[in-house]
Amino acid sequence: MIISAFTLALALAALLLEGFFSYPPKVYAAIGHPVGWIGALIKLLDDKLNTSSATPDAKRNGGIATIAIVVIVTGAVAYFFSDWAGHGIIGFVLLAAVASSLVAQRSLYDHVEDVARALQLEGLPAAREKVGKLVGRDTADLDEAGVARAAIESLAENFSDGVVAPAFYTVLFGVLGGAVYKAVNTADSMIGHKTDKYRIFGEATAKLDDILNLPASRISAVWLSIAAALTPGADWRGAKDAVLRDANRHRSPNAGWPEAAVAGALGYKLAGPRVYNGETIEDATMGNGRSELNFADVKRALTLYRKACFVQIGVLAILLVLVF
């Protein structure tokens, strides 16, 4: 596939727009957010097709139908909008604005920074509440180190699937690619859980999300390793070594790559056993450094994350110059 200058410029503009402005609150108040629209469709299908009386086969087929409908509807809307907007200057601005809503670069930073601030100034209960908005694990019994690790792990994983992946698919396929990826990733966050309700119904969605995130998770580890070389006190060789040693031991085929990169770069130990819905889930650890982390360690991770975002923007800018 030949990458076009148009889609490269589109992804670059989307990252810059979201980085500077995030999603405008007035726009959100007026029309909501594209992810919210996708989420509403997923919930509607979930309520209709994932009933307690459904047989396992009906649940499985309903889950396949759900992700198929979500992808088709999202893809059709994105395709016709892209076709309507065209390739002129006004069309480019409109498409860049839409594409910027598909990445979570600044919003992710802000949410994780809220956790660090709560740990530093507001106390553990407030920090637990804030990190609970980022992670699916149980947070009520997390100590300070547990909250800090959860925030850093979420930062690492969401850098891959909330920043790198939508930019990657926008580069390849324009707004259509970014929107379809975001639809699958949103569906995975809603129904791709291994709980009694979603184990069968969300199986197809979870598998598709894993496949789509394979390239971005590897790329994110590269961006984080480069960022470590540009960050005082970070260790790019440690990031590389941790990725090569630990990434494939993670229970997720993708999350281990950015988590290991962050852990190795900053000398942390992340992942390991976690509690979901009262059940302890065993997992390998990423990195071999400190596990007793605090707010200052979250801030160090945020610094590395920002550098990695700049690395991605810089690489896209270089590619755009080369393509032109």
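This report walks through a helix contact, two empty spaces and two unusual backbone angles in a predicted model.

**Where two helices cross**

Let's start with helix α4, residues 56-85, and helix α9, residues 203-229. Their axes come within 7 Å and cross at roughly 45 degrees, which makes α4 oblique to α9. If you would like to find the meeting place on screen, look on the α4 side for R60, G63, I64 and I67. Across from them, α9 brings E203, A204, T205 and L208. Sorted by class, this contact has four nonpolar, two polar and two charged residues.

**A pocket with a mostly nonpolar lining**

Helix α4 turns up again in the second largest pocket, where α4 gives the most to the lining, with six residues. The space in this pocket is about 560 Å³, and 25 residues line it. To centre your view there, pick P34, W37, V98, S101 and L102, the lining residues that lie nearest the pocket's centre. Several helices take part: α1 (5-21), α2 (25-31), α3 (34-49), α4, α5 (89-100) and α8 (144-191) give two or more residues to the lining. What is the chemical character of the lining, by class? Of its residues, 20 are nonpolar, four are polar and one is charged.

**A cavity and its polar residue**

Rolling a probe the size of a water molecule over the atoms shows where empty space is left. In this model, one cavity of 30 Å³ or more is found, and the largest cavity has a volume of about 30 Å³. Its lining is made of A11, A14, L15, A99, V103, P166, A167 and T170. Both α1 and α8 supply at least two residues each to that lining. By class, the lining of the largest cavity has seven nonpolar residues, one polar and no charged.

T170, one of the lining residues of the largest cavity, deserves a moment of its own. T170 sits in helix α8. Is T170 buried or exposed? T170 is buried, because its relative accessible area is 3%, and the cut-off for buried is under 20%. Leaving out residues up to four places away in sequence, T170 touches T7, L10, A11 and G178. Among these, A11 also lines the largest cavity. Further along the chain, Y181 is 11 residues from T170, and the C-alpha atoms of the two are separated by 9.0 Å.

**Two positive phi angles**

Most residues other than glycine have a negative phi. Two residues here are worth checking against that pattern, and the table sets out their angles.

| Residue | Phi |
|---|---|
| S22 | about 55 degrees |
| A271 | near 65 degrees |

S22 has a positive phi although it is not a glycine, and S22 is found in the loop between α1 and α2. With a relative accessibility of 21%, S22 counts as partly exposed. Phi of A271 is likewise positive in a residue other than glycine. A271 belongs to strand β1, which covers residues 270-271. Why does A271 count as buried? A271 counts as buried because its relative accessibility is 12%, and buried means under 20%.

Definitions and conventions:
Residues numbered from 1 in each chain as written. Predicted model: local features only at pLDDT ≥ 70, side-chain atom pairs only at ≥ 80, totals over all residues. Heavy atoms only, no water. Axes fitted to C-alpha atoms, helices over the stretch in contact; angles between N-to-C directions. Helix = DSSP H or I, 4+ residues; strand = E, 2+ residues; numbered from the N terminus. Parallel < 35°, antiparallel > 145°, perpendicular 65-115°, else oblique. Contact = heavy atoms within 4.5 Å. Nonpolar A, V, L, I, M, F, W, Y, C, P; charged D, E, K, R; others polar. 1 Å grid on protein atoms, 1.4 Å probe; cavity = no way out; pocket = protein on both sides within 12 Å on 5 of 7 lines; lining within 4 Å. Points joined across faces, edges and corners; volume = space filled by probe spheres on them. Buried < 20%, exposed > 50% of the residue type's maximum accessible area, 1.4 Å probe, protein only.
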